[in-house]
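Please open the structure in your viewer, keep the sequence panel beside it, and follow the stops below in order, selecting each part as it is named.

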Amino acid sequence: MTIKHHVGDDLLLSYGAGTLDEAMSLLVATHLALCPTCRADLELAEAVGGVLIDRTPTDTAVDEAMLEAVLDGACQDDNAGAPALRASNEALVLPQPLYNYAGGDADTLRWRSAGGGIRQVLLKTVGAGTTARLLSIPARKSVPRHGHRGVEATLVLAGSFYDRDAWYRRGDVGIASPEVVHRPVAGPEQDCICLAVTDARLEFRTPIPRLLQPFHGI
Amino acid sequence: MSLQLIAVAKDRDREAFEILFRHFSPRVRAYLVHRGSDTKNVDDILQDVFATVWQKANLYDHQRASAAAWIFTIARNRRIDALRNERRPEFDPQDPALQRNPVPGGEETFIAWQHAKTVRIALDVLSDEQREVLRLSFYEGESYSAIAVRLGIPLGTVKSRARLAFARLRTELGSKREDL
């Protein structure tokens, strides 16, 4: 698997700095699970964070009581949220951490119709105006033509889609900036499953989808 | 400092941890204060960060990160958890679905990047404007749009400064990788 379309420096650096909201962080983290190249870049970004902390001049006194408390284990590190490791022989569509957000792999989820044969699973994330959802687009089907008020990032997890002169496959990220109006089409080999994150609602350019209630959530 | 962290990981070395704590805790504290939280909250997060350093040092991989970079990631994640009340999605290195680097040892070719000294030298090569954008983003935790407002420049300029800075770091460290 060779990834051709990466998350890009804007998102990767913001993720490294910790300034992205949860939904977009989820997309970047999932891409990182699938992309060794971007993992190496993230390490560089985090090294920058380390240097900036390290070279900060400081005249604050060391909190001796806190040092003792930590060494004595007064403050236990809370590990309750750590997920159990999955069996390694599974061929999983959803890498961590997406698997945890969705609550299972793609074939076990409760998909809901989004109209036009497209199915979706909304993912619960915190952050004003940003939404993350899994989409399943039937092979050869297209998503209705739409524009954006904000950025829309789409990460392919299974199958492929074609959009504006490029093919996107597992691990690839397509980014549509606010000025883009497009109509992505799923590849013929299988249904395309992808993670779509938008930082504002999409605006549909054709009248039909406006009537499809479920799509209004997108 | 990475040696001290390795000693904590291997031997639960209390003296090594004390050296780390004396060096980093005031710095991490300053980082947390910059991110706009009240003092009581900052102390709670700070203690949490160092409890993680003390108890999870075995997860530290000195081939992948300097001690400073590793502690930065913990502080960053704890701040997101505590101040924004958000989860921090991260990939899991143990995930069977994780795509490994197809080149044998390929993930290790970037070791040089983690040498804090090299990164520090590389940061000094950047223009003041580029360094300031990285500092506001990584250290003060400002989003690009907040940085644009703060510096009174267009968002696109903030992004291009960050991108150019990162490209420059890559080149600087890439060229130095041969020498190490």
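The tour begins with the two chains, goes on to strands and loops, and ends in the nonpolar cores. Please keep in mind throughout that this is a predicted model.

**Stop 1: the two chains**

Begin by selecting chain A and colouring it by secondary structure, which brings up six helices and 11 strands. Chain A has 218 residues, and 57% of them count as buried, while its accessible surface comes to about 9300 Å², with 51% of that area belonging to carbon and sulfur atoms. If you take the contacts in chain A between residues at least 6 apart in sequence, 65% of them join residues at least 24 apart.

Now switch to chain B, where you will find nine helices and zero strands, so that reading along its sequence gives the pattern α-α-α-α-α-α-α-α-α. Of the 180 residues in chain B, 48% are buried, and the accessible surface of this chain is about 8500 Å², of which carbon and sulfur atoms hold 51%. For chain B, 57% of the contacts between residues at least 6 apart in sequence join residues at least 24 apart.

**Stop 2: the open sheet of chain A**

Return to chain A and select the six strands that form an open sheet, which lie in the order E1-E2-E3-E10-E5-E8 and pair in the antiparallel sense. Which strands stand at the edges of this sheet? They are strand E1 (112–113) and strand E8 (173–176) of chain A, and because each has a single partner strand, one side of each is left without a neighbour in the sheet.

Zoom in on E1(A) and strand E2 (residues 119–123) of chain A, which pair over two bridges in the antiparallel sense; here Ser113(A) stands opposite Arg119(A), a residue of E2(A). Then add H2(A) to the selection, since this helix packs on the sheet and touches E2, strand E3 (131–137), strand E5 (152–158), E8 and strand E10 (192–198) of chain A. The direction of H2(A) makes about 40° with that of E5(A).

**Stop 3: a hairpin in chain A**

Next, select strand E6 (residues 160–163) of chain A together with E7(A), two strands that pair in the antiparallel sense over four bridges. They form a hairpin with two residues between them, and in the turn Arg164(A) has a positive phi of about 45°. Across the pair, Asp163(A) stands opposite Ala166(A) in E7(A).

Show the side chains along strand E7 (residues 166–169) of chain A and look at the way they point. In a regular strand the side chains alternate between the two faces of the sheet. Along E7(A), Ala166(A) and Tyr168(A) point to one face and are buried, whereas Trp167(A) and Arg169(A) point to the other face and are not buried.

**Stop 4: two loop residues**

Select Thr19(A), which sits in the loop between helix H1 (9–17) and helix H2 (22–34) of chain A. Is this residue of chain A, Thr19(A), buried or exposed? Thr19(A) has a relative accessible area of 14%, so it counts as buried. Setting aside residues up to four places away in sequence, Thr19(A) touches Ser14(A) and, in the other chain, Arg84(B), Ser137(B), Gly141(B), Glu142(B) and Ser143(B).

Then move to Ile153(B), in the loop between helix H8 (144–151) and helix H9 (155–177) of chain B. Its relative accessibility is 19%, and the cut-off for buried is under 20%, so Ile153(B) is counted as buried. Beyond its neighbours within four places in sequence, Ile153(B) is in contact with Ala148(B), Val158(B) and Arg161(B).

**Stop 5: a buried helix residue**

Stay in chain B and select Ala122(B) in helix H6 (residues 116–125), a residue that is buried with a relative accessible area of 1%. Not counting residues up to four places away in sequence, Ala122(B) touches Leu169(B), Glu172(B) and Leu173(B). Measure from C-alpha to C-alpha in your viewer, and Ala122(B) and Arg168(B) should be 8.1 Å apart in space, although 46 residues separate them in sequence.

**Stop 6: the nonpolar cores**

Finally, select Phe17(B), Phe24(B), Val28(B), Phe50(B) and Leu169(B), the residues with the most contacts inside the largest nonpolar core, which has 61 residues. This core draws at least three residues from each of domain 1 (2–84) and domain 2 (112–177) of chain B. Around Phe17(B), residues in contact include Leu67(A), Val70(A) and Leu71(A), as well as Val8(B), Phe50(B), Val53(B) and Trp54(B). A second, separate core has 36 residues, among them Ile3(A), Leu11(A), Ala102(A) and Val121(A).

Note on methods:
Residues are numbered from 1 along each chain as its sequence is written. Chains are lettered from A and ligands numbered from 1 in the order in which they are written. This is a predicted model: local features need pLDDT of at least 70, side-chain atom pairs count only at pLDDT 80 or more; totals for chains, interfaces and linings use all residues. Side-chain values use heavy atoms; hydrogens and water are left out. A nonpolar core is a set of buried Ala, Val, Leu, Ile, Met, Phe, Trp, Tyr and Cys residues joined through side-chain atoms within 4.5 Å. Buried means under 20% relative accessible area, exposed over 50%, partly exposed in between (1.4 Å probe, protein chains only). Domain bounds come from an automatic or database domain assignment. Contact means heavy atoms within 4.5 Å. Accessible areas come from the Shrake-Rupley method with a 1.4 Å probe; for residues, only the protein chains shown count as cover. Two strands pair if DSSP finds at least two bridges between them. Axes are lines fitted to C-alpha atoms, for helices over the stretch in contact, and angles run from 0 to 180 degrees between N-to-C directions.
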